[in-house]
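User: Please take a close look at the pairing of charged side chains in the model below. I should then like to see how that pairing sits beside the packing of the chain as a whole.

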Amino acid sequence: MPDCTPAPLGPDVVDMWTVYENPSDYPGEFVARRFVVAMGRYGPTTDVVRGATLEQLQDQLNGLGRAWLPRMQDDDPAILGVWL
């Protein structure tokens, strides 16, 4: 399982973990994928955390002192929300 506390990215860079339920590449699992946002750029990293339950992911990501944002109405149905 990857470390959910990666090295600092810099003052103008923000990372977030998008949480999915039953994504097509990990059927039947809960998955968190790390994305990075920088000035004019946004994209996924290779960091992925998997769990059998949502609680397993929340336990790992909740300790980072982040806020949970529930999915937006137009998000993919597999997205549950984002830890920002």
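Analyst: Arg 33 and Asp 25 form a salt bridge in which the closest N and O atoms are 2.3 Å apart. The term denotes a side-chain nitrogen of Lys or Arg within 4 Å of a carboxyl oxygen of Asp or Glu. Side chains of opposite charge can pair when their charged atoms come close. The model is predicted: local features need pLDDT of at least 70 and side-chain atom pairs count only at pLDDT 80 or more, while totals for chains, interfaces and linings use all residues. Residues are numbered from 1 along each chain as its sequence is written, and side-chain values use heavy atoms, with hydrogens and water left out.

The two partners of this pair fall into separate accessibility classes. Arg 33, at 16% relative accessibility, is buried, whereas Asp 25 is partly exposed at 45%. Here buried means under 20% relative accessible area and exposed over 50%, with partly exposed in between (1.4 Å probe, protein chains only).

By the stated rule there are five salt bridges. One of them joins the side chains of Glu 29 and Arg 50, at 2.9 Å from N to O. This pair links distant parts of the chain, with Glu 29 in the loop between E1 and E2 and Arg 50 in strand E3, 21 residues apart. Helices (H or I, at least four residues) and strands (E, at least two) are DSSP runs numbered from the N terminus. Arg 50 is partly exposed, with a relative accessible area of 41%.

A further pair consists of Asp 47 and Arg 34, whose side chains meet at 2.9 Å, N to O. Asp 47 belongs to strand E3 and Arg 34 to strand E2; with their positions 13 residues apart, this pair too links distant parts of the chain. Asp 47 is buried at 19% relative accessibility, and Arg 34 is buried at 6%. Both residues take part in a network of salt bridges that also includes Asp 15 and Arg 66.

The setting of these pairs is a chain with one helix and five strands, in the order β-β-β-α-β-β from the N terminus. Of its 84 residues, 35% are buried. Contact means heavy atoms within 4.5 Å; of the contacts with a separation of 6 or more, 40% involve residues 24 or more positions apart.

Helix H1 (residues 54-62) has Leu 54, Leu 57 and Leu 61 buried. Viewed down the axis of H1, its buried residues fall within an arc of 65 degrees, so they line one face of the helix; the arc is that of the directions from the helix axis to the C-beta atoms. They pack against strands E1 (13-21), E2 (30-38), E3 (41-51) and E5 (79-83).

Those leucines recur in the largest nonpolar core, which has nine residues: Trp 17, Val 19, Phe 30, Ala 32, Val 49, Leu 54, Leu 57, Leu 61 and Trp 83. E1, E2 and H1 are the elements that give two or more residues to this core, and H1 supplies the largest share, three residues. Apart from this core lies another, of six residues, including Tyr 20, Phe 35, Ala 78 and Val 82. A nonpolar core is a set of buried Ala, Val, Leu, Ile, Met, Phe, Trp, Tyr and Cys residues joined through side-chain atoms within 4.5 Å.

Ala 32 connects the two themes of charge and packing. Leaving aside neighbours within four places in sequence, Ala 32 is in contact with Asp 47 as well as with Trp 17, Thr 18, Val 19, Val 48, Val 49, Leu 57 and Leu 61.

Ala 38, also in strand E2, is buried at 12%. Ala 38 lies 4.6 Å from Val 13, C-alpha to C-alpha, although 25 residues separate them in sequence. Not counting residues up to four places away, Ala 38 touches Asp 12 and Val 13.

The loop between E1 and E2 also holds Asn 22, a residue other than glycine with a positive phi, near 60 degrees. Most residues other than glycine have a negative phi. Asn 22 is partly exposed, at 44%.
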